[in-house]
Amino acid sequence: MIIIVGDTMRKAAVLVAVFMFFGVFGFALASATTVAVDLAHGENAKYLSGDVIDKQTNKTLAHGITKTITDVQWAYFGDPTQAETLGIKNLGDKITADALKNVDVLILGQPTSPFDPEEIQAISDWFKQGGKVLWVAADSDYGSGVQAQDVADSVLDMIGVGNLRVDLCSVEDPTSNAGAGYRVVGIVNPDPDTPMKDLITKGFKNGGKVLYHGPGVVAYVDDQGNWKPLVGDKVPEGIYRIVKTSPDGTIVENNDPPANAYSAGDNGEFPLLVAQVVKLDNGKKSILIVSGESPYGDYEPTWSPKYHGVPLDGPQFVTNILHWAIEMATYEPLKDVVEVKDPEGDDHGPGTYTYPTDKVFSQKGLFDLTDVKIKEGTTKYVIEFYFKNLGGNPWNGPNGFSLQIVEAYFDFKDGGSTNAIKEAKNGPGSNVQLDPKHPWDAAIRVTGWESKLFLPDGKTVDIKAKADLDKNVITVEIPKDYLKIDENTYMSVLVGSQDGFGIDNWRAVAPKAEQWKVGGADTDAVVAGVAPRVLDLLVPAGFKPTQEEQLKSYDAKATKLATVDMIPLFKKETPTQTSTTTTSSSTTTTSSATSTSSSPSETSSSSASPTSTSTGGGVCGPAALVGLALIPLLLRRRK
């Protein structure tokens with residue numbers, strides 16, 4: 001038995017947690033986006049989880065795909081006994097409709113054995129739901145690559161969606177290669193009209209060079225079944241060439257039958273990876289990617305960071321194209337709905353809280369919420385939580401941030417709950433209670449490792465969350481099935497310090513700051529167990545009671561928690577006198593709310609830095625006339 005004390009125990013616990021997340025689960029619980037790879041049809045797992053090792057120096061050039069792209073949940077189809085080696089979830093030894101239910105991206109990485117009709121039907125039905133990404137990777141017509149071409153094209157034919165195919169030939173490049181013409185070094189050079197193409201090309205250190213070792217070439221089939229080359233300007237709407245040869249590419253025939261769209265000896269710039277935005281009958285869209293080589297498996301897959309001395313951008317490109325495809329599949333034009341600004345410099349809870357003393361908390365503004373923007377799409381709301389400083393991602397949270405925990409509560413209909421989220425039965429959570437006048441109907445909790453929507457009946461739903469560290473914003477997507485934003489909606493937002501080892505993930509508070517505890521709490525409140533763990537609330541300037549007053553409204557003697565008020569998003573309320581019994585540090589306040597709405601405007605899903613849309617702080621939006629127009633609605637609003 002080993003007994004570990006103090007800081008040593010803390011460090012050991014961190015190491016154990018890191019091992020569990022990376023080594024055992026492979027971030028299996030990290031994200032609402034699931035990427036499944038196929039290993040059930042003759043594919044191999046090269047570079048999927050294993051590192052890329054330089055054969056000459058024995059140094060690690062890159063980690064495997066699943067250990068590098070950690071903001072998604074990875075799974076695979078194939079031999080269940082490989083799960084421990086791969087470190088990702090097994091979905092079964094064949095593709096089924098049930099196994100695909102929670103899959104967002106499916107990659108078929110050079111399959112060489114045929115798919116059952118039931119598998120084809122499952123893939124087709126899944127893709128036609130919309131919001132999905134299917135990546136079918138084939139090979140050249142050299143050696144066993146013929147089988148990969150045949151199987152890939154048969155899948156593409158039978159699923160009945162999309163026009164892309166891999167032609168029955170090979171492409172070589174005498175100019176851009178890794179020491180031989182068949183070791184093609186493709187160039188990531190998206191067509192000019194490719195949507196959001198900056199997502200595909202960001203972060204390259206080697207000019208977007210990626211390995212396509214003995215690749216096939218991508219063509220398309222028109223509505224009459226005729227094969228067509230994807231060269232020059234002959235590109236149908238919705239099809240985007242992403243990776244190409246140099247202008248000196250050459251078509252080569254290695255085996256019969258001959259190619260359908262290209263001819264041996266053709267020279268020019270040929271497509272190695274092509275994406276298609278497939279519009280579906282239900283009004284949604286999915287993304288089809290077809291490539292002449294695979295990101296994993298194969299003799300030397302696209303993931304390769306270096307080959308025969310040529311430095312490559314393989315890992316960065318595969319990461320980029322997956323993120324781009326996921327974004328494209330789920331992208332909806334968004335309109336601005338409402339914006340609520342919060343004063344800067346108020347990440348002190350009830351006015352006295354200070355950060356923990358560990359150096360990871362040495363930056364200012366880590367828990368300072370400054371702005372919340374709500375946008376609306378066809379099927380979802382997108383909520384952006386802006387911070388003064390997210391502080392990077394020091395603990396590698398798969399959602400892109402580490403230090404913060406954010407909870408948001410929404411009241412938009414009768415009924416609901418006033419209890420704050422508590423996932424652990426004995427957990428204090430944020431250690432506050434919600435506004436009894438406006439019980440919540442939906443709530444979210446977001447950390448770097450988890451993003452969930454909670455319903456008052458205890459049910460939870462995984463939702464998508466991500467951080468943009470450049471803009472210091474955490475973005476959350478909420479399906480409209482669970483939320484309604486209108487003139488009757490109220491909201492509360494709570495921010496704290498995320499503690500992966502603490503009960504319910506909210507970091508504890510103490511009278512004096514410690515390495516892993518927030519300081520400045522009232523001793524009586526800590527002893528009584530009613531000290532709030534909240535560092536910042538969304539309380540616009542002029543709103544009463546203030547953040548500090550709300551978070552001081554506990555009663556240590558009566559062991560009563562502080563009450564957090566809801567903010568009306570779109571309307572003004574007539575101020576009413578309210579009295580709160582508190583400890584000596586609490587005050588009697590006058591409750592009033594100020595809010596307006598913002599006029600809708602079309603925006604993209606990636607928002608720019610926060611900008612002011614009104615004067616005087618508070619919730620941004622139209623002028624007082626709108627508020628007057630809403631008075632009849634207020635009179636009908638339940639109390």
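A salt bridge, as the term is used on this tour, is a side-chain nitrogen of Lys or Arg within 4 Å of a carboxyl oxygen of Asp or Glu. In this structure, which is a predicted model, a search of the whole finds 23 salt bridges, and the tour visits some of them after a look at the sheet.

**The sheet**

Begin by selecting the strands of the open sheet, which has 10 strands in the order E5-E4-E1-E6-E7-E18-E17-E14-E10-E11 and mixed pairing. Strand E5 (89-90) and strand E11 (209-213) stand at the edges, and each has a single partner strand, so one side of each is left without a neighbour in the sheet.

Next, select strand E1, residues 34-38, where 5 of the 5 residues are buried, so the strand is largely enclosed by the rest of the structure. In a regular strand the side chains alternate between the two faces of the sheet. Colour the two faces of E1 separately and you will find Thr34, Ala36 and Asp38 on one side, with Val35 and Val37 on the other, all of them buried.

Keep E1 in view and add its neighbours. Strand E4 (residues 73-77) runs parallel to E1 and is joined to it by 5 bridges, with Val37 standing opposite Tyr76 in E4. Strand E6 (residues 105-109) also runs parallel to E1, through 4 bridges, and here Ala36 has Leu106 as its bridge partner.

Moving along the sheet, select E7 and E18, which run parallel and are joined by 5 bridges; Val136 has Val290 in E18 as its bridge partner. Helix H4 packs on the sheet, where it touches E6, E7, E17 and E18, and its direction makes about 135° with that of E7. Helix H5 lies across E6, E7 and E18, running at about 145° to E7.

Which residues of helix H4 (residues 117-127) are buried? They are Glu119, Ile120, Ala122, Ile123, Ser124, Trp126 and Phe127, and what covers them includes E6, strand E7 (133-137), helix H5 (145-159), strand E17 (271-279) and strand E18 (285-291).

**Salt bridges**

Now select Lys244 and Asp191, which form a salt bridge whose closest N and O atoms are 2.8 Å apart. Lys244 lies in strand E14 (residues 239-244) and Asp191 in the loop between strand E10 (183-188) and helix H6 (198-201), so the pair ties together parts that are 53 residues apart in sequence. Lys244 counts as buried at 7% relative accessibility, and Asp191 is buried with a relative accessible area of 4%.

Go on to Lys380 and Glu477, whose side chains meet in a salt bridge of 3.4 Å, N to O. This pair links distant parts of the chain, with Lys380 in strand E23 (residues 380-387) and Glu477 in strand E30 (residues 473-479), 97 residues apart. Lys380 is buried, its relative accessible area being 9%.

A third stop is the salt bridge between Glu423 and Lys452, at 3.3 Å from N to O. Glu423 is in the loop between strand E24 (404-411) and strand E25 (432-434), while Lys452 is in strand E27 (residues 451-454), 29 residues away in the chain. Is Glu423 buried or partly exposed? Glu423 is partly exposed, with a relative accessible area of 33%, whereas Lys452, at 19%, counts as buried. Widen the selection to Glu407, Glu423, Arg445, Glu450, Lys452 and Asp504, which salt bridges with shared partners join into one network.

**Aromatic rings**

The structure holds 7 aromatic pairs. Select Phe361 and Trp516, whose ring centres are 6.3 Å apart and whose planes stand at 80°, so the pair is edge-to-face. Phe361 lies in the loop between strand E21 (334-341) and strand E22 (369-376), and Trp516 in the loop between strand E31 (490-497) and helix H8 (523-528), 155 residues apart. Both Phe361 and Trp516 are buried.

Add Trp395, whose ring centre is 6.3 Å from that of Trp516 with the planes at 45°, so this pair is tilted. Trp395 is in the loop between E23 and E24, 121 residues from Trp516, and counts as partly exposed at 30% relative accessibility. Showing Tyr355 and Phe367 as well completes one aromatic cluster, formed by Tyr355, Phe361, Phe367, Trp395 and Trp516.

End with two lysines: the charged end of Lys46 sits over the ring of Tyr299, 5.9 Å from its centre, and that of Lys480 sits over the ring of Tyr381, 5.5 Å from its centre.

Key
Residues numbered from 1 in each chain as written. Predicted model: local features only at pLDDT ≥ 70, side-chain atom pairs only at ≥ 80, totals over all residues. Heavy atoms only, no water. Buried < 20%, exposed > 50% of the residue type's maximum accessible area, 1.4 Å probe, protein only. Pairing = 2+ DSSP bridges. Phe/Tyr/Trp six-rings, centres within 6.5 Å; stacked < 30°, edge-to-face > 60°. Lys NZ or Arg CZ within 6 Å of the ring centre and 35° of its normal. Contact = heavy atoms within 4.5 Å. Axes fitted to C-alpha atoms, helices over the stretch in contact; angles between N-to-C directions.
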